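Trainee: I've got the model open and want to test the labels against the numbers. Can we go through them one by one?
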Amino acid sequence: MNWMHVPQYIIELTYLAATALFILSLKLMSAPTTARHGVWAGEIGMVLAIAGTLLNHGIVDYKWIAIALVLGSIIGVPLGMVQMTAVPQRTALSHAFGALCVTLVGTSEFYLRGTEVSRFTLSVLCMEVILGSLTFTGSLMAAGKLQEVLPQRPITFKGQNIVNLSVLAVAVGLAAYVVIHPGHPHVFLFIVGIPLLFGVLMIVPIGGADMPTVIYLLNSYAGLSAAAMGFVLDSKLLIVAGALDGASGFILSLNMSKAMNRSFTNVLFGAFGQEQTTSAGAQEIRNVRSATAEEAAAILSAASKVVIVPGYGLAVAQAQHKVRELYDALTKRGVDVKFGIHPVAGRMPGHMNVLLAEADIPYDKLLDLDEINGDFPQTDVALVIGANDVTNPAARSDPGSPIYGMPILDVDKARAVMVIKRGMSPGFAGIDNPLYYLDQTLMLFGDAKAFVGAIVRELAGGAQD
Amino acid sequence: MKLDLMTDLYVFMLAAFIGFEVIRRISPLLHTPLMSLTNALDAIAVVGAILLVGAHKSTLSTVLGTIAIVAATSNVVGGFLITDRMLKMFKSSRPQKP
């Protein structure tokens with residue numbers, strides 16, 4: 001069937017070039033100005049590697065490859081065109097697809113040459129399949145929770161961690177058995193199947209608030225399983241790509257845990273936000289001050305420095321375009337407007353930045369926690385839209401608070417704080433926020449989109465006076 | 001055989017270090033597009049699936065491999081597409097009016 005006789009070293013060179021381009025691709029991602037070139041470098045690398053592979057001598061039949069490539073592209077396009085608010089669940093879904101690919105290839109490899117390969121290769125193969133299949137179901141579960149087709153609240157029961165870890169231990173034990181006594185094709189089915197169950201069990205107790213960390217962790221697993229596949233196939237390109245992905249997922253999930261002051265084990269085994277009975281009895285009814293859109297507009301237009309703190313509530317209300325109008329109206333009046341973005345704002349890390357960029361807010365106005373926190377004491381107005389826990393001063397002052405020690409945006413240090421919120425209900429983690437009872441805080445009750453729209457109208461009306 | 005394995009381990013170790021150093025420098029601003037990009041790059045696993053299907057060793061391997069190619073290709077296409085769409089939206093205020 002091969003109409004071209006391409007020497008093997010040419011194919012290896014395309015892999016080498018692809019490896020270099022992948023590293024370059026991530027390097028170019030370090031600045032927003034070069035990031036798109038990074039995507040192009042990655043695309044060229046990918047095309048080179050696939051083209052090189054298609055020239056391989058070992059390929060005797062192209063029919064199914066062609067059908068699968070076309071079908072995959074057809075499925076890929078709508079997955080690449082989803083709405084920006086749906087990016088977290090799309091990401092989780094693509095982790096599932098990546099893991100599925102690795103698991104299926106690993107399973108085939110086992111049945112084709114499981115009795116021929118070395119013990120080391122066999123154990124890596126088992127690791128590949130275990131990581132792959134738990135990532136597959138785990139990511140599907142995560143996508144389901146993010147899409148809200150599955151309940152977001154953590155589901156827990158007594159002895160859950162012991163049950164879950166035992167399930168995983170059985171799979172690892174069976175893998176060890178297969179490595180020591182090769183040639184048990186039926187046992188291998190359990191090595192694929194049990195981690196599928198573990199993936200489900202692993203995500204069940206994890207609440208929506210912890211999803212960002214979990215997504216990164218799943219990303220890391222998907223990468224490691226791909227690297228394991230590289231060892232099995234002796235493909236250095238795959239090892240490098242897998243290691244890069246594994247490393248990125250790992251660093252970012254560490255970052256996330258730090259941003260929430262939680263340990264990895266706590267995220268995975270902690271089931272956040274289930275018991276919130278502490279100090280509920282001692283809670284007296286405290287006064288909050290509320291204001292109208294007209295008053296809010298007057299305060300904002302008198303300010304010289306405003307920091308907007310967006311949270312996921314903003315994205316839910318689809319208020320990002322109204323916020324852009326507010327940004328324009330204030331900037332036109334000479335007010336310095338910046339955005340303070342907490343690492344866990346949104347449904348996945350960096351998600352809020354994407355949503356605001358979509359509304360054409362310049363990225364140099366979007367500042368990270370560390371960059372913005374020093375600015376709050378000189379800020380006239382901190383406007384909190386749809387964020388709650390990441391502004392909770394109890395994280396600094398109250399050792400009894402479940403979020404104590406979590407780095408927060410110090411909005412309470414601003415001269416005035418305005419919070420747009422539907423009502424006084426607690427946030428995602430179910431914790432009361434003392435910020436709302438401070439003297440300098442004004443509550444703006446209402447839907448984020450409608451309220452920001454009303455402020456913008458007031459500002460426009462004021463300009464005509 | 002043993003030497004290949006050691007080389008692979010060295011490659012893995014070095015790539016992990018490069019990954020750590022490169023990714024540590026990426027600002028939180030771009031973490032979402034970063035993840036969709038690494039996802040697309042990770043779908044290079046499609047190479048293994050193509051070799052598997054192309055070798056046509058058994059019906060099982062062809063069926064599983066074909067599904068694997070579909071899954072990985074959709075990640076390649078979808079991943080690069082959405083990363084580019086996201087990055088296209090990031091604009092600086094500097095080239096515009098001061």
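Mentor: Sure. Keep in mind that this is a predicted model. Start with Glu148(A), which has 10 C-beta neighbours inside 10 Å.

Trainee: What makes Glu148(A) count as exposed?

Mentor: The cut-off for exposed is 12 or fewer other C-beta atoms within 10 Å. Glu148(A) has 10, so it counts as exposed. You'll find Glu148(A) in the loop between α5 and α6 (160-180) of chain A.

Trainee: How far is Glu148(A) from Phe190(A), in sequence and in space?

Mentor: They are 42 residues apart in sequence, and 30 Å apart from C-alpha to C-alpha.

Trainee: On to helices. What makes α1(A) roughly parallel to α9(A)?

Mentor: Helix α1 (residues 8-28) of chain A packs against helix α9 (residues 236-259) of chain A at about 10°, their axes 9 Å apart. Angles under 35 degrees count as roughly parallel, so α1(A) gets that label relative to α9(A).

Trainee: Which residues make that contact, and what kinds are they?

Mentor: From α1(A) come Tyr15(A), Ala18(A), Thr19(A), Phe22(A) and Leu26(A), and from α9(A) come Lys236(A), Leu237(A), Val240(A), Ala241(A) and Leu244(A). They split into 8 nonpolar, 1 polar and 1 charged.

Trainee: What are the angle and axis distance for α5(A) and α7(A)?

Mentor: Helix α5 (residues 119-146) of chain A meets helix α7 (residues 185-203) of chain A at about 35°, with 7 Å between the axes. The crossing of α5(A) past α7(A) is right-handed. Among the residues in contact are Cys126(A), Val129(A) and Ile130(A) of α5(A), with Ile191(A), Val192(A) and Pro195(A) of α7(A). By kind, the contact of α5(A) with α7(A) has 15 nonpolar, 5 polar and 1 charged.

Trainee: Now the strands. How do you know that β1(A) is largely enclosed by the rest of the structure?

Mentor: A residue is buried if 20 or more other C-beta atoms lie within 10 Å of its own. In strand β1 (residues 305-310) of chain A, 5 of the 6 residues are buried, so the strand is largely enclosed.

Trainee: What makes β1(A) and β2(A) a pair?

Mentor: Pairing needs at least two bridges. β1(A) is joined to strand β2 (residues 336-341) of chain A by 4 bridges, and they run parallel. Val307(A), for one, sits opposite Lys338(A) in β2(A). β1(A) also pairs in the parallel sense with strand β4 (residues 381-385) of chain A, over 5 bridges. There, Pro310(A) faces Ile385(A) in β4(A).

Trainee: Which strand pairs with β4(A) over 5 bridges in the parallel sense, apart from β1(A)?

Mentor: That's β5(A). Ala416(A) in β5(A) is the bridge partner of Val381(A). β5(A) in turn pairs with strand β6 (residues 441-445) of chain A, again parallel and over 5 bridges, with Ile420(A) opposite Leu444(A) in β6(A).

Trainee: Why is β5(A) called largely enclosed?

Mentor: Strand β5 (residues 416-421) of chain A has 5 of its 6 residues buried, so the rest of the structure largely encloses it.

Trainee: Last one: which helix of chain B gives the most to the side that touches chain A?

Mentor: α4(B), with 28 residues. In total, 80 residues of chain B are in contact with 98 residues of chain A. The chain B side divides into 48 nonpolar, 22 polar and 10 charged.

Notes:
Residues numbered from 1 in each chain as written. Chains lettered and ligands numbered in written order. Predicted model: local features only at pLDDT ≥ 70, side-chain atom pairs only at ≥ 80, totals over all residues. Axes fitted to C-alpha atoms, helices over the stretch in contact; angles between N-to-C directions. Helix = DSSP H or I, 4+ residues; strand = E, 2+ residues; numbered from the N terminus. Left-handed = near helix turned anticlockwise from the far one by under 90°. Contact = placed C-beta atoms within 7 Å. Nonpolar A, V, L, I, M, F, W, Y, C, P; charged D, E, K, R; others polar. Parallel < 35°, antiparallel > 145°, perpendicular 65-115°, else oblique.
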